[in-house]
Amino acid sequence: MTLGSGTGEGVMDSWYARQVEQRIGQNWLKTSLGRLSRPVQTVISFEIRANGTIENVKIQKDSGLGTVDLAARRAVMASSPLGRFRVSKTSPAMGVSVSG
């Protein structure tokens, strides 16, 4: 699993990015997928509110396997809430993408 760059005025620092990666990675249920015959990748985008709540979870690039895409989406949603972070007055949330 890899965390992409964030968007918005509140830039994610490296410590917070690692925390987000760890939390989502813990919820990524790879064992339930079984052995895959080929490498696949799903890209999920979402927003993190200042209070750590994850919202607007969307599949940006599907893997071609519905079970993999569902597992990725569930991993992100199960990670809410994350820790709080500072935001600017004009941007109440941070956009993030994750692939795996």
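# Reading the calls in a predicted model

From the N terminus on, the protein chain runs β-α-β-β-α-β. The model is predicted.

User: How many helices and strands does the protein chain have?

Analyst: The secondary structure comes to 2 helices and 4 strands. The chain has 100 residues, and 35% of them count as buried. It exposes about 6,200 Å², with carbon and sulfur atoms supplying 49% of that area.

User: Why is D69 called buried?

Analyst: The relative accessible area of D69 is 8%. Buried means under 20%, so D69 is buried. D69 lies in helix 2, residues 66–78.

User: Which residues does D69 touch, not counting those up to four places away in sequence?

Analyst: D69 touches T42, I59, D62, S63 and G64.

User: Is L70 buried or exposed, or what else should I call L70?

Analyst: Partly exposed. L70 is also found in helix 2. Its relative accessible area is 41%. The partly exposed class runs between 20% and 50%, so L70 belongs there. From L70 to I59 the C-alpha distance is 9.1 Å, and the two are 11 residues apart in sequence.

User: What puts the buried residues of helix 1 on the same side?

Analyst: The buried residues of helix 1 are Y16, A17, V20 and I24. They cover an arc of only 105 degrees around the axis, and therefore sit on the same side of helix 1. On the other side, S14, W15 and Q26 are exposed.

User: How do you know what span is expected for helix 1?

Analyst: Helix 1 has 14 residues. The expected span is 1.5 Å times one less than the number of residues. That gives the expected 20 Å, and helix 1 reaches 20 Å from its first C-alpha to its last.

User: What makes up the largest nonpolar core?

Analyst: This core has 17 residues. Y16, V20, I24, I44, F46, I48 and V76 touch the most other members. Helix 1 (14–27), strand 2 (43–49), strand 3 (54–61), helix 2 and strand 4 (93–99) each give two or more residues to this core.

User: Which residues is I48 in contact with, leaving aside its neighbours within four places in sequence?

Analyst: I48 is in contact with Y16, V20, T53, L82, F85, A93, M94 and V96.

User: Why is the pair R49 and E55 called a salt bridge?

Analyst: The closest N and O atoms of R49 and E55 are 3.7 Å apart. The rule asks for a side-chain nitrogen within 4 Å of a carboxyl oxygen, so the pair qualifies. By this rule the count comes to 1 salt bridge.

User: Are R49 and E55 buried or exposed, or what else?

Analyst: R49 has a relative accessible area of 27%. For E55 the value is 31%. Partly exposed lies between 20% and 50%, so R49 and E55 are partly exposed.

User: What makes N56 worth a look?

Analyst: The phi of N56 is near 55 degrees, a positive value in a residue other than glycine. Most residues other than glycine have a negative phi. N56 is found in strand 3. At 42% relative accessibility, N56 counts as partly exposed.

User: Why is the bond between S80 and P81 called cis?

Analyst: Omega is about 0 degrees at the peptide bond that joins S80 and P81, and this bond is cis. Most peptide bonds are trans. P81 is found in the loop between helix 2 and strand 4.

How values were computed: Residues numbered from 1 in each chain as written. Predicted model: local features only at pLDDT ≥ 70, side-chain atom pairs only at ≥ 80, totals over all residues. Heavy atoms only, no water. Buried < 20%, exposed > 50% of the residue type's maximum accessible area, 1.4 Å probe, protein only. Contact = heavy atoms within 4.5 Å. Core = buried A, V, L, I, M, F, W, Y, C linked by side-chain atoms within 4.5 Å. Arc of directions from axis to C-beta. Areas by Shrake-Rupley, 256 points an atom, 1.4 Å probe, with all protein chains shown as cover.
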